[in-house]
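Open the model in your viewer and keep the selection box ready. This tour goes from stop to stop and says what to select at each one.

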Amino acid sequence: MAKKTIQRFLPDHNKVKHHKSLKIFGRLLHDANLWHLNRRSARGAFSVGLFFAFIPVPFQMVLAAALAIPLRVNLPISVAVVWITNPLTMPPIFYCSYLIGTIALGQPEQHFAFEPSWQWFIESLTTIGPAFLVGSLICATLASVIGYFGVDLLWRRSVRKAWLNRHK
């Protein structure tokens, strides 16, 4: 059941192979293990994708693919899961990351107003930047671990349920 559910939402592997931002990996994308869907590849792919979803850097998909290749986990899943952070979800997720960072560093929350300027970006690196980056790393690690064990648990549960249904 879990495998069928995941396969329903996966993009076509030919589309992913020929995606313009993933062409830098060239022949590495032809490894069959990157496209195979089993419990091991799914839980690792969710873990990789969730980790990079919470890291505030550009090219998250490329970074997820770069880690999925040597770990030999499902590439389409790891690239797709990164889209948990999208333009709609990014502000609340990153604000929560900032709050967690302030708690972890023992700093008070600082009021800030976003301005789309280079000067604001440079100033915010010293004011809210450390708490934001620490909070992002904490959230990325927690999401990655929860995703890994959560997918493993759901996969095992699905297999157990299928076995019980077969015996009936």
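Is Arg156 buried, partly exposed or exposed? At 41% relative accessibility, Arg156 counts as partly exposed. Here buried means under 20% relative accessible area, exposed means over 50%, and partly exposed is in between (1.4 Å probe, protein chains only).

Before moving on, note that this is a predicted model: local features need pLDDT of at least 70, side-chain atom pairs count only at pLDDT 80 or more, and totals for chains, interfaces and linings use all residues. Residues are numbered from 1 along each chain as its sequence is written, and side-chain values use heavy atoms, with hydrogens and water left out.

**Stop 1: the salt bridges**

Select Asp152. A salt bridge puts a side-chain nitrogen of Lys or Arg within 4 Å of a carboxyl oxygen of Asp or Glu. The structure holds three of them.

- Add Arg156: its salt bridge with Asp152 has its closest N and O atoms 3.2 Å apart. Both residues lie in helix 8, four residues apart, about one turn of the helix. Helices are DSSP runs (H or I, at least four residues), numbered from the N terminus.
- Add Arg39: its side chain meets that of Asp152 at 2.9 Å, N to O. This pair links distant parts of the chain, with Arg39 in helix 3 and Asp152 in helix 8, 113 residues apart.
- Add Arg43: its closest N to O distance to Asp152 is 3.0 Å. Arg43 lies in helix 3, 109 residues from Asp152.

Now colour by exposure. Asp152 is buried, at 11%. Arg43 is buried too, at 15%. Arg39 is partly exposed, at 27%.

**Stop 2: the core**

Select Ala42, Phe54, Leu75 and Ile77. Of the 29 residues in the largest nonpolar core, these touch the most other members. Such a core is a set of buried Ala, Val, Leu, Ile, Met, Phe, Trp, Tyr and Cys residues joined through side-chain atoms within 4.5 Å. Helix 3 (39-53) gives the largest share, six residues.

**Stop 3: two loops**

Select Phe59, in the loop between helix 3 and helix 4. Its phi is positive, about 65°, although it is not a glycine. Phe59 is exposed, at 64% relative accessibility.

Next, select Arg72, in the loop between helix 4 and helix 5. Arg72 is not a glycine, yet has a positive phi of about 55°. At 38% relative accessibility, Arg72 is partly exposed.
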